[in-house]
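Reader: Hi! I'm in my first year and still learning to read structures. Could you take me through the salt bridges here, one by one?

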Amino acid sequence: MMANAAVPSGPTEEMVTRLMAAITSACDASMAKSSGRRRRCAVYWWTSEIADLRRSCLRAQRLTQRARGRPNEGASQASYASARRLLRAAMKTSKRLCWSKLCD
């Protein structure tokens, strides 16, 4: 790409602009464009109830991290453990139900 790029002489600003345009086009041609974050597809057992439980579990986790070294640390840890248990139980139940539906 750069072998074919020619920067005509003229005012300095115009030469810089054309050279930068040539470099940019060479970079665009040689490097792959990133498509951003790769999203995972939804799993078959995911439900809106699990999404709500996950949201509350993540919130409890953040609150627990913020509460380290404070008087309410124990209560916050207990709340997080409870939210995690509920989320795991809901996920297991949903997987079990979906598996039994598939088997039927």
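Author: Happy to; here is a walk through the salt bridges, followed by a stop at one buried side chain. Please keep in mind that this is a predicted model. Searching the whole structure turns up 2 salt bridges.

Let's begin in helix α1, which covers residues 12-30. Glu 14 pairs there with Arg 18, and their closest N and O atoms are 3.3 Å apart. The two residues sit 4 residues apart, about one turn of the helix. Are they buried or exposed? Glu 14 has 39% relative accessibility, so it counts as partly exposed. Arg 18, at 44%, is also classed as partly exposed.

Now move along to helix α2, residues 48-66. Here the side chains of Asp 52 and Arg 55 form a salt bridge, with 2.8 Å from N to O. These partners are 3 residues apart, again about one turn of the helix. Asp 52 is partly exposed at 43% relative accessibility. Arg 55 reaches 53%, and because the cut-off for exposed is over 50%, Arg 55 counts as exposed.

While you are in helix α2, have a look at Thr 64, which lies there too. Thr 64 has a relative accessible area of 9%, so it is buried. A polar atom of the Thr 64 side chain lies 3.1 Å from the backbone oxygen of Ser 76. Leaving out residues up to four places away in sequence, Thr 64 touches Ser 76, Gln 77 and Tyr 80.

Technical notes. Residues are numbered from 1 along each chain as its sequence is written. This is a predicted model: local features need pLDDT of at least 70, side-chain atom pairs count only at pLDDT 80 or more; totals for chains, interfaces and linings use all residues. Side-chain values use heavy atoms; hydrogens and water are left out. A salt bridge is a side-chain nitrogen of Lys or Arg within 4 Å of a carboxyl oxygen of Asp or Glu. Buried means under 20% relative accessible area, exposed over 50%, partly exposed in between (1.4 Å probe, protein chains only). A polar contact is a pair of N or O atoms within 3.5 Å; within protein, one must be able to donate a hydrogen and the other to accept it, and residues adjacent in sequence count only if both atoms are side-chain atoms. Contact means heavy atoms within 4.5 Å.
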